[in-house]
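Me: I'd like a close look at one single part of this chain, taken slowly, and then how that part sits in the rest. Pick one and talk me through it, please.

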Amino acid sequence: MYVTKAVIPAAGLGTRFLPATKALPKEMLPIVDKPTIQYIVEEAIEAGIKDILIITGRGKWSIVDYYDRSPELEAHLERKGEFEQLEKIKNLSNMANIHYIRQNEPLGLGHAVYCARSFVGNEPFAVLLGDDIVKSEKPAIKQLIDVACMTRSSVIGIREVADNEISKYGIIDPMENKGKIYRVKDMIEKPSPQDAPSRLAIMGRYVLNPSIFAFLETTGSGKGGEIQLTDALKAQCKNENVYSCIFEGKRYDAGDKLGYLEATVEYALESPQLGQKFAQYLEELFRKRKHIKSTSEVLGDTESIEKKNIS
């Protein structure tokens, strides 16, 4: 099994980041100096994937423009002698064979993946969700590809979550495991903690056999009135082996405000240009906030003492 194609669903409405995402795709929100989707594309390329299909929707043209050539900008940078920036801009349109298809209606992740059937053909393929950024030595999707090559089966990326996080994710019902690899017996989309078969949550990375399209074709609307990929995978694991793998690396939920800020801060701290100055700024900020808090606590204690004396 050799995986050369990846699908990146990027047609969601980004409601968690409104009002900003009314005009700007959530996938284009910058983390330091690169849009979120760029980190996902780079992960796929580092895993050896040559062809990438981005599933877009209405109002997502800026994603297409980002990976297109920009002759005017390139000429401007060349005239100014900014050759390092020029090279970065040129590389965007050469880094992989990037294709696009529009999901005409926001009918869910399962429907978005189904839109990729002509692009995929009869090959296994990777799916990387644009909300999830994983920082790791070995690309997270490559970790799954290796398991898929070994098992000749679909593989789902998973992580263990706390009880209060369970209802946010699809949760697998695992069978036997070998280290971090589990055979999947069943799965359920966003269960309550008491109904969850485990705390192993599906985390935005998949390697899928093309047989998934047959199951997606017969999958009806699930939670939220959308066609859920989890429901199709649930049917697939009843008919053929499906595995899951706890991938290594630091995961950021860039579709969540706190996760997005965590990713921004940590990538900024690692930046050769910004890291040291940004770290100094944060240290100063924390010292000031600590001083303000300490002062307010002292003032608060003084006020309470004065009130007691008056009474």
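Reply: First, a word on the labels: helices (H or I, at least four residues) and strands (E, at least two) are runs taken from DSSP and numbered from the N terminus. By that count the chain has eleven helices and 13 strands. Keep in mind that this is a predicted model. The part I'd pick is helix H10, residues 257-270.

Start with its length. H10 has 14 residues, and at 1.5 Å a residue they should span 20 Å; the C-alpha atoms at its ends are 20 Å apart, so the two figures agree.

Now go to where the helix begins. There, a side-chain oxygen of Asp256 comes to within 3.1 Å of the backbone nitrogen of Leu258.

Next, which residues of H10 are buried? They are Gly259, Tyr260, Ala263, Tyr267 and Ala268. Looking down the axis of H10, these buried residues fall within an arc of 160 degrees, so they line one face of the helix. That fits a general rule: an α-helix has 3.6 residues a turn, so residues three or four places apart point the same way. On the other side of H10 you'll find Leu258 and Leu261, which are exposed. So Leu258 turns up twice here: its backbone nitrogen takes part in the contact with Asp256, and the residue itself is exposed.

Then follow H10 to Glu270. The side chain of Glu270 forms a salt bridge with that of Lys135, at 2.9 Å from N to O. This pair links distant parts of the chain, since Lys135 belongs to strand E7 (residues 132-135) and Glu270 to H10, 135 residues apart. Lys135 has 22% relative accessibility, so it counts as partly exposed; the cut-off for buried is under 20%.

How many salt bridges are there in the whole structure? A search finds 20, and a couple of others are handy to set beside the one in H10. Glu43 and Arg205 pair through their side chains at 2.8 Å, N to O. Here too the pair links distant parts of the chain, with Glu43 in helix H1 (residues 36-46), Arg205 in strand E11 (residues 200-208), and their positions 162 residues apart. Both ends are buried: Glu43 has a relative accessibility of 5%, and Arg205 has a relative accessible area of 0%.

The other one joins Arg199 and Glu160, again 2.9 Å from N to O. Arg199 sits in the loop between strands E10 (181-189) and E11, while Glu160 is in strand E8 (residues 154-160), so this pair ties together parts 39 residues apart in sequence. Arg199 is partly exposed at 35% relative accessibility, and Glu160 is exposed at 53%. Elsewhere, salt bridges with shared partners connect Arg16, Lys26, Asp131 and Asp253 into one network.

Last, step back to the chain around H10. Buried residues account for 45% of its 311 residues. Of the contacts between residues at least 6 apart in sequence, 77% join residues at least 24 apart. The C-alpha atoms fill a box of roughly 80 × 65 × 35 Å along the principal axes.

Notes:
Residues are numbered from 1 along each chain as its sequence is written. This is a predicted model: local features need pLDDT of at least 70, side-chain atom pairs count only at pLDDT 80 or more; totals for chains, interfaces and linings use all residues. Side-chain values use heavy atoms; hydrogens and water are left out. The expected span of a helix is 1.5 Å times one less than its number of residues. Buried means under 20% relative accessible area, exposed over 50%, partly exposed in between (1.4 Å probe, protein chains only). The arc is that of the directions from the helix axis to the C-beta atoms. A polar contact is a pair of N or O atoms within 3.5 Å; within protein, one must be able to donate a hydrogen and the other to accept it, and residues adjacent in sequence count only if both atoms are side-chain atoms. Contact means heavy atoms within 4.5 Å. A salt bridge is a side-chain nitrogen of Lys or Arg within 4 Å of a carboxyl oxygen of Asp or Glu.
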